[in-house]
Amino acid sequence: STIVGYLQDSLGAPIKSVNVRLIANTDTSSVFTNADGEYTFKEVKGNHILLVYSMLGYRTASSSHYLIEGQKELKVPSITLKSFSTILPSALVVRVLPMVINGDTVQFNFGAFDFTKRALLEEALKGLPGFQVYRDGSVTYNGRQIKRVRVDNKDFFGGDLITATRNLTADFIKNIQLLNASTVKNGETGILMEDEEKILNINLKEDKKKIYFGQLTAGAGTNDRYLGSFGLNKFNKGQEISIIGSFNNTNANLFSLGTAFGGDRSKSAMELGNLSDPIDGLNDIGSIGITISDQLSKVIYANVSYNYLYQNNITDGNSQLTSSYIGNTIFRKEEYILNTLDRNHKLRFGFDMNFKNKDLFRIDGNLALNHQISGQNKDLSLNSFNSISEGNYQDSTRKNNPNGDLDLFYSKFF
């Protein structure tokens with residue numbers, strides 16, 4: 001038997017490409033309607049017929065029929081398919097740009113990077129393009145050293161970089177910005193300064209601007225090695241109170257080992273030239289610091305910080321030099337021990353007063369005291385063709401370096 005039919009929409013127009021499936025008691029097949037909405041099944045076997053009509057965008061329909069024995073053709077009445085649509089809920093796709101450049105400011109959005117859970121900022125910086133983190137904790141960006149740090153555009157722990165990178169976790173940070181010191185000063189005072197020092201500004205996530213957090217670390221190892229650190233911090237939308245400290249003999253340090261005002265720390269190697277690196281040897285270090293900053297009123301913002309650093313460095317070394325001449329060879333051997341003990345006190349304070357007429361008055365002060373004792377013990381042996389010279393040399397130095405400065409700045413707005 002042959003079965004023919006016709007499909008149309010609710011307006012009476014033919015529907016093309018509708019799937020028509022025939023299910024009989026002895027046969028199953030399917031066809032598609034042509035451009036005129038017509039379909040045909042040939043050589044159908046069986047007499048109980050079920051036709052199912054389906055197409056994307058229309059409701060599925062069906063019809064049942066019975067073929068009389070010997071019936072050659074069955075014309076199925078026209079079937080009207082009703083349109084069907086489903087409105088999917090809207091989906092918002094947000095993509096965070098990893099890096100944004102705005103003038104001379106470079107911004108890295110932490111939401112675009114995958115960091116290890118609870119990773120400190122120091123570890124996060126190692127995974128960002130352009131950053132280099134050295135073993136002493138110093139950081140460079142594209143080869144230029146970063147010496148100051150801010151949190152939400154406010155100095156954090158007196159601007160000490162290592163304090164921020166080794167205490168703040170990447171989970172708290174929305175983005176970081178690389179700023180030129182000249183840009184910061186120009187924005188605050190309106191005066192263009194020729195200062196190309198890089199500043200790292202850390203912007204916290206909104207839900208992390210009012211939070212208590214801290215950390216406690218302790219460890220011990222072979223050869224009497226030990227390490228410990230602690231930190232307690234409070235952020236409250238501009239108010240900051242932080243107490244941190246560390247002690248170890250593993251050459252790690254919580255604070256910058258610079259001078260009282262953040263410069264590169266220098267240590268005399270006496271007569272040994274470049275044989276001694278200031279961060280080599282065994283360092284027994286203890287440090288503690290506290291910082292408080294707050295918006296005292298609508299006009300006055302104040303910050304004060306103090307830290308104390310104790311460092312005892314012992315460097316053991318030796319050198320051997322052989323010089324060959326015609327008829328003579330000179331052997332020179334040195335064994336030495338350098339011992340340097342540093343005690344550093346540093347106090348920083350600052351007040352910013354922004355008046356209603358947009359005038360700015362700023363006070364910045366630093367007080368520092370460095371007490372250093374250095375000693376050297378050297379054994380020297382000199383062996384030539386006809387002479388042997390041996391000796392022991394000892395010397396020591398003691399230094400007390402008090403430093404202080406006070407800067408007053410007033411900017412008049414016209």
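In this predicted model, Glu335 is partly exposed, with a relative accessible area of 39%. Its salt-bridge partner is Lys333, and the closest N and O atoms of the two lie 3.7 Å apart. Lys333 is also partly exposed, at 38% relative accessible area. Both values fall between the 20% limit for buried residues and the 50% limit for exposed ones, so both residues are classed as partly exposed.

Side chains of opposite charge can pair when their charged atoms come close. A search of the whole structure gave 7 salt bridges. One of them joins the side chains of Glu334 and Arg332, with an N to O distance of 2.6 Å. Here the two partners fall into separate classes of accessibility. Glu334 has 7% relative accessibility and counts as buried. Arg332 has a relative accessible area of 32% and is partly exposed.

Another salt bridge links Arg362 with Asp352, where the closest N and O atoms are 3.0 Å apart. Arg362 belongs to strand β23 (residues 360-383), whereas Asp352 belongs to strand β22 (residues 328-354), so this pair ties together parts that are 10 residues apart in sequence. Both Arg362 and Asp352 are buried.

Strand β23 also has a partner further along the chain. It runs antiparallel to strand β24 (residues 388-411), and 24 bridges join the two. One example is Asn377, whose bridge partner in β24 is Gln394. The connection between β23 and β24 is a hairpin of 4 residues.

The surface carries a nonpolar patch. Its members are Leu216, Phe230, Leu232, Ile241, Ile243, Ile288, Ile290, Ile292, Val304 and Tyr306. Together they have about 830 Å² of accessible area. Four strands each supply at least two residues of the patch: β18 (226-236), β19 (239-248), β20 (282-295) and β21 (300-325). The largest share, 3 residues, comes from β20. Ile290 is found in this strand. Its relative accessible area is 33%, which makes Ile290 partly exposed. A patch residue needs over 30% relative accessible area, so Ile290 passes that cut-off.

Other nonpolar side chains lie inside the model. In soluble globular proteins, nonpolar side chains tend to be buried together. The largest nonpolar core has 32 residues. Within this core, Phe108, Phe131, Ile176, Leu200 and Ile202 touch the most other members. The contacts of Ile202 were listed without its neighbours within four places in sequence. They include the nonpolar residues Leu121, Val149, Val151, Ala164, Leu168, Ile173 and Ile176. Arg150, Asp152 and Asn175 are also in contact with Ile202. A second, separate core has 18 residues, among them Val20, Leu22, Tyr39 and Leu51.

A loop residue completes the account. Ser138 lies between β11 (131-133) and β12 (139-141). Despite this loop position, Ser138 counts as buried, at 18% relative accessibility. The cut-off for buried is under 20%, so Ser138 meets it. With neighbours within four places in sequence left aside, Ser138 is in contact with Gln132, Val133 and Gln145. Of these contacts, Gln132 and Val133 fall within the residue range of β11.

How values were computed
Residues are numbered from 1 along each chain as its sequence is written. This is a predicted model: local features need pLDDT of at least 70, side-chain atom pairs count only at pLDDT 80 or more; totals for chains, interfaces and linings use all residues. Side-chain values use heavy atoms; hydrogens and water are left out. A salt bridge is a side-chain nitrogen of Lys or Arg within 4 Å of a carboxyl oxygen of Asp or Glu. Buried means under 20% relative accessible area, exposed over 50%, partly exposed in between (1.4 Å probe, protein chains only). Patches are made of residues with over 30% relative accessible area and no salt bridge: like charges are joined within 9 Å, nonpolar side chains (Val, Leu, Ile, Met, Phe, Trp, Tyr) within 5 Å. Accessible areas come from the Shrake-Rupley method with a 1.4 Å probe; for residues, only the protein chains shown count as cover. Two strands pair if DSSP finds at least two bridges between them. A nonpolar core is a set of buried Ala, Val, Leu, Ile, Met, Phe, Trp, Tyr and Cys residues joined through side-chain atoms within 4.5 Å. Contact means heavy atoms within 4.5 Å.
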